Amino acid sequence: MSSKLIVLVFVVLTVFFAGCSDRPEDTISSDDGGHSGAATVQTVTATWAPDGVVTDGEYAQNMILSGGVFEVSWKNDGENLYMAIKGKTEGWVAIGFEPEVWMKDADMIIGWVDDGEVSAIDAYSTGNYGPHPSDTDLGGTDDILEFGGSEVDGFTVIEFKRKMNTGDEFDKAFESGQTVSIIWGVNEFDDPEERHIEDGKGELAFQ
Ligand code: HEM
């Protein structure tokens, strides 16, 4: 083999392997229309308080969706789930767990703040696009143990606590270490019968 050919083979192989090692790592986008998100993890250092203010260290994980139109923070132990949902809206914000298809069979929490009065409903979507009556209307139980919220600078925050496994057939039962699919929606009005102006999907993992 001529020396020119050997140099050519060397150059081709060098370029090939350099190309392989430069390939970007697979990443999960935190902003692709709300259809996936990357959770950031932090150490819990603050006491949980359902006051509508998410403080540093209050939650173990956080995920921002659709560039901040929706944000969810959460922590859990084997017994309880603590969560904050924040929407870029002065209307309702909602999260739904484990829909079968579209919105159907999602275990939902819908909350809003109207003139300083905070409401939160433990709801369940019975159809593909709702309706999503309260669990109590369906014969189940209201399993929001504590909640609170705020409406500040065009953002609404609802914080709530529920058992990981409430025992209600209209709540999904969660386990430590489990990953669950979520849907979310926000609306500009406080009426939960009004359809969302923005919505999205994602998944989150419990500790
Ligand atoms: C009365 C209230 C509601 C109505 C009338 C309604 C209606 C609809 C309709 C018609 C669609 C299909 C078309 C579209 O994407 O806009 C849809 C999709 C969707 N809704 Fe709702 N919705 C309501 C409440 C909610 C709530 C509370 C949530 C979140 C907890 C939610 C989450 C979603 C999501 C994520 C989708 C897209 C599903 C997919 O692409 O697979 N909706 N809704």
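Biologist: Which residues coordinate the iron atom of the ligand?
Modeller: In this predicted model, the distances from the iron atom to its coordinating residues run from 2.0 to 2.2 Å. One contact is made through an SD atom and the other through an NE2 atom. The residues are Met-103 and His-196.

Biologist: What is the geometry of the site of the iron atom of the ligand?
Modeller: The site has six donor atoms, with angles of 84 to 178 degrees among them. Ideal angles for six octahedral donors are 90 or 180 degrees. The site is classed as octahedral.

Biologist: How many residues apart are Met-103 and His-196, and which loops hold them?
Modeller: Met-103 sits in the loop between β5 and β6. His-196 belongs to the loop between β10 and β11, the strand of residues 198–205. The pair therefore links distant parts of the chain, and the separation is 93 residues.

Biologist: Is Met-103 buried or exposed?
Modeller: The cut-off for buried is under 20% relative accessible area. Met-103 has 15% relative accessibility, so Met-103 counts as buried. His-196, the other iron-coordinating residue, is partly exposed at 22%. The class asked for, that of Met-103, is buried.

Biologist: Which residues are closest to the ligand, among those that surround it?
Modeller: The ligand is surrounded by 20 residues. Two of the closest, Met-103 and His-196, also coordinate the iron atom. The full set of closest residues is Met-103, His-132, Arg-195, His-196 and Lys-201.

Biologist: Which side chain has a polar atom 3.0 Å from an oxygen atom of the ligand?
Modeller: For Arg-195, a polar side-chain atom is 2.7 Å from an oxygen atom of the ligand. For His-196, the distance is 2.7 Å and the partner is a nitrogen atom of the ligand. The 3.0 Å distance to an oxygen atom belongs to Lys-201.

Biologist: How many strands does the protein have?
Modeller: The order of elements from the N terminus is α-β-β-β-β-β-β-β-β-β-β-β. There is one helix, and it comes at the start of that order. The number of strands is eleven.

Biologist: Which element gives the most to the largest nonpolar core?
Modeller: This core has 26 residues, and Val-72, Met-83, Ile-95 and Leu-204 have the most contacts inside it. The elements that give two or more residues include β2 (61–65), β3 (70–76), β4 (80–87) and β5 (93–97). With four residues, the element giving the most is β10.

Biologist: What does Ile-95 contact, leaving aside its neighbours within four places in sequence?
Modeller: Ile-95 is among the residues with the most contacts inside the largest nonpolar core. Its partners, with sequence neighbours set aside, are Phe-70, Val-72, Met-83, Ile-85, Asp-107, Met-108, Ile-109, Phe-160, Ile-182, Ile-183 and Trp-184.

Biologist: How many residues are in the other core, the one that includes Trp-112?
Modeller: Trp-112 is in strand β6 and is buried, with a relative accessible area of 12%. Trp-92, Met-108 and Ile-110 are also among the members of this core, which lies apart from the largest one. Its size is nine residues.

Biologist: What separates the C-alpha atoms of Trp-112 and Gly-91?
Modeller: The two residues are 21 apart along the chain. Trp-112 touches Gly-91, and its other partners include Trp-92, Val-118, Ile-158 and Pro-192. The C-alpha separation is 6.0 Å.

Biologist: Which backbone oxygen does the side chain of Thr-156 reach?
Modeller: Thr-156 lies in strand β9 and counts as buried, with 0% relative accessibility. Its contacts include Ile-85, Gly-87, Val-93 and Ser-150. At 2.7 Å, its side chain reaches the backbone oxygen of Thr-89.

Biologist: Is Asp-115 buried or exposed?
Modeller: Asp-115, in the loop between β6 and β7, has a positive phi near 50 degrees. Asp-105 also has a positive phi, near 65 degrees, and counts as buried at 19% relative accessibility. Asp-115 has 79% relative accessibility, so it counts as exposed.

Biologist: Which residues does the cis peptide bond join?
Modeller: Most peptide bonds are trans. In this bond, omega is about 0 degrees. One partner, Pro-131, lies in the loop between β7 (117–124) and β8 (146–152). The joined residues are Gly-130 and Pro-131.

Definitions and conventions. Residues are numbered from 1 along each chain as its sequence is written. This is a predicted model: local features need pLDDT of at least 70, side-chain atom pairs count only at pLDDT 80 or more; totals for chains, interfaces and linings use all residues. Side-chain values use heavy atoms; hydrogens and water are left out. A nonpolar core is a set of buried Ala, Val, Leu, Ile, Met, Phe, Trp, Tyr and Cys residues joined through side-chain atoms within 4.5 Å. Buried means under 20% relative accessible area, exposed over 50%, partly exposed in between (1.4 Å probe, protein chains only). Contact means heavy atoms within 4.5 Å. Donors are N, O and S atoms within 2.8 Å of the metal (3.2 Å for Na, K and Ca); water is not among the atoms, so sites may look incomplete. Four donors count as tetrahedral if all angles lie between 85 and 135 degrees; four count as square planar and six as octahedral if opposite donors are over 155 degrees apart and all others between 65 and 115; anything else is irregular. A residue is near a molecule or strand if one of its heavy atoms lies within 4 Å of it. A polar contact is a pair of N or O atoms within 3.5 Å; within protein, one must be able to donate a hydrogen and the other to accept it, and residues adjacent in sequence count only if both atoms are side-chain atoms.
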